[in-house]
Structure formats: structure tokens, C-alpha cells
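Work through the exercises below with the model open beside the text. Try each task before reading its solution.

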Amino acid sequence: MKIVIIGGGFAGINLAEGLAGNKNFKVTLVDKNNYNFFPPLIYQVATAYLEPSSISYPFRKLFRNRGNVQFRLGELLRVDTAGNKAILHNGEIEYDALVFATGAETNYFGMENVQKNSIPMKTLNDAIEMRNKLLQRMEKAAICNNSRERRKYLNIVVAGGGPTGVEVSGMFAEMKNGILRKEYPELSTSASNIYLVDGSDALLGPMSKKSQQDTYNALKKLGVVIKLNTRVTDFDGDTVHLSNGETISSKNLIWAAGVSAKIFDGLPKESYDRGRRLAVDEFNKVAHTDNIYAIGDTCIQLSDPEWPEGHPQVAQVAIQQGEHLARNFNRMVKGEALKPFDYNDKGSMAIIGKNKAVVDLPKPKMHFNGFIAWLMWLFIHLMSLISYRNRITTFWNWMVAYFSKDQSLRMIIRPDKRQKNPVEKVNQGV
């Protein structure tokens, strides 16, 4: 059975791993990157606490000893449902079953200026770009003599009060109060703020009231300016406009406010539900298709009675759906009855800063905060990394940062933008 998986995130990787080594399947994993990465730690790459290689791993190395799994670098253009073909930018692949595991992309809610000028927090490329931009702006602030202009370089606005927004705000606040005061003494007397903006009435909306309040208090103590029931409405690169009429002078808008799924050419319009997510049944088969499936953030499953509005777009759902679909494919080739997906909610957590985190466990219902929650967060995220190498390097970087209260990865490394047609320019100069 030829199975093509589009996307190598949590869902795609766990599906491929579940089918690896089984001679009943020929699996092709397609991704536009040649590596898997761990999204929950993206913000630590963006803030120079981890190297990109600490949270990423090449697909080909991951599957090099799995004879029935191969990797294809490519980007999906459209689906030929009649011919059972996935059309990529560099060729096409035939399939018996096609699985979408493409995750979600940043949602700017139609605000073109925000999309153009803000810094997203979704991919490894986004993280590296954010690190480079913020470090360059710190250097510009260090030589800027105009106090008002300097504040624009130093103020940081984070849009979105979910786990990513909370974690990056806490990290920036700790850096401002520690590392940056030491390394940029010329800015020690400059006024600047970290702003966290969210449209709801609480941070970490899906978590418990205790976690929300603990997080709010901890961020306030770190000096983060929190603005709830407020949305970003515009950003021109110099000024952030808010829904309450306020403006914030800043060149740094970190966008962590929302995601949406992708639209795929070739699939029926009726296959999509809210948030552009693919509607799937209890077996993760896409509505109005015969042999196309979707797992993870890109799909919405309304058949689970405990989750009538669909499962949350979190890593555990993607992991469990990938593993479950692999077991159902095994049942399919054996002629056995398929089993519906049943989500096991293992809880939620968010880190706020050093020795500060919140954890909610559903069964039994428990809440943790502070140092114990912080240790739980570290352990779970460390063990969730894809390889031992990733775990060792990440653990080492964390220990260095914890005991030294510092990290040495703040280098500006960016591609060399070479001149186009250099020969022509030389001749014109002559």
C-alpha cells in the first residue's frame, strides 16, 4: 500500500514511525524542509538560548535504516484526486492513501501591514530571522542618540497570550533585567518595555483559572506590561496600533496571535470547516474523499463527544492521531475493522521564566506552579525531542544558561545578499 504523507511535524513523523519496518507499506514523507523541528522550543532559538540544531533533525538521517520509508523534499501544489497523484513543485507521486499532516500557518486576520512588518513565530526560519532582527536592532539602539528613536528599537510588543506569547514575553523580560544590562551598558538607563497584548480577558485561555492568575502575576513581577481585552489592529513598522485607541512606539511586533490551516488545490470546498481546517470523520478520513486523510492541526474532528467543537491544536493531538492512523492502516491491510480516534488529554503547561511555570493535569485534576512545574516542563520537553543528540545538546545549553545566568549564542548570522549581475556593475563602474 503506497502511503504519501504531506508534512513532517508531530503528526506526520509519528504516522511514518508507526508504519516503518512494515513490508505491507511503502511510505513517502514529503516536506518543504529537509528536517523535523520541535515547535514548542522555537522561541528559545529566537532568543538565542538554543541553537537551531538543538531542536531539529534531518529526515533522511531519521529514516535511513527504515527500508519502507523514504523522504522527498518538495512542496505540494495540488492534488489529482481522480488519478490518485500528489503534484509537487518538482514532480508527482502516486498514492493509495494520501495523508495531510501539514500543521497550521500564521494567521494575520487580513491585516496586510501586520503581515508585512511583524515577526512571526511559527517556523525555524522565523526564529532565526527574529533573532537576527532583534540583535541588529539592539546594536542600532546602542549608537542611537535620539532617546525617542532608541525606545522604538528597544520596546517589544508580543501579540497573543497563549503559551508562545507568554513564554517569549517571560524570556525577553528576564533577558532585559539580566543579560542585556551587562552586555549593553550604554542602554542601561534607557527606558523600554515588554508588552503582552491579547484580545481575551485572560492569558493562557484554555488553561485553569489558577494557571491564568499565576502566569499574570509572575509576568507582572518580571515587569511585563499586560494588556488584556485588547487587539493589535495595525503596525506600520514604527507604531503598534491597538483596538482601545492606544499606540506603542516600537519596531518590534512579535506575532503569536493565531494560526489557520492551509487550503489545498484539488480538494472539494465541502471538505473544509472553520479555520480552513479539513473536516474529518472518527477515522481521520477527509469529508467528501475516498482515500485522503488529515491529522494534527490541519484537521478538525467533530465526532468526539468529549470535544464537540473539535480537538485543540496542540502537539498531543497530532502525536496521538498520527499513531492511531498508523494502527488503523495496519488494520486496513489485514481486513480488520477500523477503530475511531479517542483523544487522551494529558494536560497542558507553559513556562514563564527561570524556576517559573504552570502545569494543569486533567486526570486527576491537579495544578502545579513554580519550581516543581518548571522541572516538569523541562523534563517533558526534553524527552519529547526526536533524538538523543537533541536531548543532550539542549540539556547542556539549559544547564549552562541556568548556572551562569547567561548564554553565548547571540551571534548575528544571516545569508549574504550578493549583488545581482555583478559583472554588469563592475563594467559600468569601469
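**Exercise 1. Orientation of two helices**

Task: Decide how helices H5 and H6 are oriented to each other, parallel or antiparallel.

Solution: This is a predicted model. Start with the angle: H5 (residues 124-142) and H6 (residues 147-154) pack at about 165°, and their axes are 9 Å apart. Next, apply the cut-off: angles over 145 degrees count as roughly antiparallel. H5 and H6 are therefore roughly antiparallel to each other. Last, note the handedness: the crossing of H5 past H6 is left-handed.

**Exercise 2. The contact of H5 with H6**

Task: List which residues meet where H5 and H6 touch, and sort them by class.

Solution: On the H5 side, the residues are Arg137, Met138, Lys140 and Ala141. On the H6 side, they are Arg150, Tyr153 and Leu154. Sorting them gives four nonpolar residues, three charged ones and no polar ones.

**Exercise 3. The sheet S6-S7-S8**

Task: Find which strands stand at the edges of the sheet S6-S7-S8, and why one side of each has no neighbour.

Solution: First write down the order: three strands form an open sheet, S6-S7-S8, and their pairing is antiparallel. Then look at the ends of that order. Strand S6 (76-80) and strand S8 (91-94) each have a single partner strand, so one side of each is left without a neighbour in the sheet. Neighbouring strands here are turned by 20° against each other on average, direction ignored. Now take one pair: S6 and S7 (residues 85-88) are joined by four bridges in the antiparallel sense. Within S7, alanine 86 is the bridge partner of valine 79.

**Exercise 4. The sheet S23-S24-S25 and its helices**

Task: Describe the sheet S23-S24-S25, and state which strands helix H7 touches and which strands helix H11 lies across.

Solution: The sheet is open, with three strands in antiparallel pairing. Its edge strands are S23 (348-353) and S25 (366-369), each pairing on one side only. On average, neighbouring strands are turned by 10° against each other, direction ignored. S23 and S24 (residues 356-361) pair over five bridges. Alanine 350 stands opposite valine 358 in S24. Then add the helices. H7 (residues 163-177) packs on the sheet, touching S23 and S24, and its direction makes about 20° with that of S23. H11 (residues 370-384) lies across S23, S24 and S25 and runs at about 75° to S24.

**Exercise 5. Confidence**

Task: Find where pLDDT stays under 50.

Solution: Begin with the whole protein chain: its mean pLDDT is 91, and 95% of its residues reach 70 or more. The stretch under 50 is residues 419-430, for which the model has two contacts beyond four places in sequence.

Key:
Residues are numbered from 1 along each chain as its sequence is written. This is a predicted model: local features need pLDDT of at least 70, side-chain atom pairs count only at pLDDT 80 or more; totals for chains, interfaces and linings use all residues. Side-chain values use heavy atoms; hydrogens and water are left out. Axes are lines fitted to C-alpha atoms, for helices over the stretch in contact, and angles run from 0 to 180 degrees between N-to-C directions. Angles under 35 degrees count as roughly parallel, over 145 as roughly antiparallel, 65 to 115 as roughly perpendicular and the rest as oblique. A crossing is left-handed if the near helix is turned anticlockwise from the far one by less than a right angle, and right-handed if clockwise. Contact means heavy atoms within 4.5 Å. Ala, Val, Leu, Ile, Met, Phe, Trp, Tyr, Cys and Pro count as nonpolar, Asp, Glu, Lys and Arg as charged, and the others, Gly among them, as polar. Two strands pair if DSSP finds at least two bridges between them. pLDDT is the predictor's confidence in each residue, from 0 to 100.
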